[in-house]
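Got your viewer open? Here's a short tour of what to select and what you'll find there.

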Amino acid sequence: MDKFSIEGGLPLEGEIAVSGAKNSGLPALAACLLTAEPVTLRRVPAVRDIQTMKRLLRYTGATVSDEADGSIRVEAREVSRPEAPYEVVKTMRASSLVLGPLAARTGRARVSLPGGCAIGARPINLHVFALEQLGAVIEQSHGYIEAQSPGGLKGRHIRFERITVTGTEDLLMAAVLAEGETVLENAAREPEVVDLAEMLIKMGARIEGAGSPVIRVEGVERLHGTEHTIIPDRIEAGTFLIGGVITAGDLTIRGCEPEHLRALIDKVREAGAAVDEQGEGTLRVRGTHRLRSVDVTTQEHPGFATDLQAQYMALMTQADGISIITETIFENRFMHALELMRMGANIRLDGRRAYVAGKRPLSGAAVIASDLRASASLVLAALVAKGETIVDRVYHIDRGYEKIEEKLASVGARIRRVESK
Ligand code: EPU
């Protein structure tokens, strides 16, 4: 297992580029199963979860190729095995994104139930509920969900009891080929949902309202191939933004979408950092050694993203005063707090709340990454810690960040990958 060795104390300075969004690339790849024609996807990040999804598409019978220009071409001429096996699902929960497209395209889907996860239970009951509403007959046995819809799916009026991002995406991908109209209430409004809807519309789908709480879909008989460019990764951009602030650096972030980062930008400005929105997807952030503590509560988009909570907590260890961080999306997403404490942070956990008392000097230590965003939080803390931090299990970070050590090193961080023998 690879590790990162990080020597803290240097400001991040210069320009850093943002990759395509992992959480958009995943549903976009799943959506390729909806058509027999080829689809070309651009700006898909080369991260491990994307490799896993490509493997899953190949398993179902699709041809997936990496083109010379960096794009990915998928052709699901035939879907011979409409199945997501346990071996794949156990390493990536987002595999449940193929449930909707497989059922819509082939009338059959068999998807392994994901197990527990470091950040919470993360059931997929709402995905199942949505497909049942569209008329699929669903059975659960031997750890698998089996959906059958031999007569095709039928559009319905559906309301999710709670907002789910991949659940909304899964339903969208099923409804585009269902007969008649589907109305989804309480839909997720994340930019990744909008990106998927835009791709599906280019494929011939009829969708209105993506980005709002009510999405309307008028089913069509078939979809065709397309080309689509994935949106920038707002969580990667947000991680870099926090990196610029926490190191009191001067960092220019290129190729991002500031509107997708509004809640974070507001918070770091309130904390005392200067963020200039320079147009054309460029943000310049200048940090300060005199940060103020600012409370945060995670919410669905456009609220403060749960995927930035861990990184923000690292930042608050360096702000004056006590900040209260409330996690409302996942029930167990504070594993990073315990590791941050090993580096000297003063954090008290109380259920879904973390009380972070700053400003505490951090010192390098051996820490363990428990999930993707927790790892990013530890890397950020290490950038300001005195001495060397070893972050173990960086395979978590490789799931969702493209060459993060190279990108950070290019703006002044002393970070290197220590490969396991
Ligand atoms: N939930 C249910 N039943 C369901 C689905 C969700 O109870 O059927 C609950 C979850 O347990 C959670 C809440 O609803 O408490 C919200 O979960 P959601 O379904 O929105 O999460 P997700 O779709 O599984 C996506 C991202 C996550 C991100 C969340 C929240 C992808 C591939 N994953 O997960 O990203 O944290 O939305 O924004 O889009 C990450 O990138 O590190 C990551 C975990």
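A quick term first: a cavity here is a set of grid points where a 1.4 Å probe fits but cannot get out, and its volume is the space filled by probe spheres set on those points. Keep in mind that you're looking at a predicted model.

Start with the split. Colour domain 1 (3–19 + 232–418) one way and domain 2 (22–229) another; the protein chain is divided into these two. Their centres, taken over C-alpha atoms, sit 30 Å apart.

Now go to where the domains meet. Select the contact residues: 26 from domain 1 touch 21 from domain 2. Together the two domains bury about 1,900 Å², with 50% of that on carbon and sulfur atoms. On the domain 1 side, show Glu300, His301 and Arg399, which supply 28% of the area that domain 1 buries against domain 2, more than any other three residues.

Stay on Arg399 and add Asp49: their side chains form a salt bridge, 3.0 Å from N to O. Across the interface of domain 1 and domain 2, there are two salt bridges to find.

Last stop: the cavities. How many of 30 Å³ or more does a search of the whole structure find? Four, and the largest has a volume of about 40 Å³. To see its walls, select Ala21, Lys22, Asn23, Glu192, Asp233, Arg234, Ile235, Asp307 and Arg373. Helices α1 (22–31) and α8 (234–246) are the elements giving two or more residues to this lining. Colour by residue class and you'll get six charged, two nonpolar and one polar. Switch back to domain colours, and each domain contributes at least three residues to the lining.

Terms used. Residues numbered from 1 in each chain as written. Predicted model: local features only at pLDDT ≥ 70, side-chain atom pairs only at ≥ 80, totals over all residues. Heavy atoms only, no water. 1 Å grid on protein atoms, 1.4 Å probe; cavity = no way out; pocket = protein on both sides within 12 Å on 5 of 7 lines; lining within 4 Å. Helix = DSSP H or I, 4+ residues; strand = E, 2+ residues; numbered from the N terminus. Nonpolar A, V, L, I, M, F, W, Y, C, P; charged D, E, K, R; others polar. Domains from an automatic or database assignment. Contact = heavy atoms within 4.5 Å. Buried area = accessible area lost by both parts, 1.4 Å probe. Salt bridge = Lys/Arg side-chain N within 4 Å of Asp/Glu carboxyl O.
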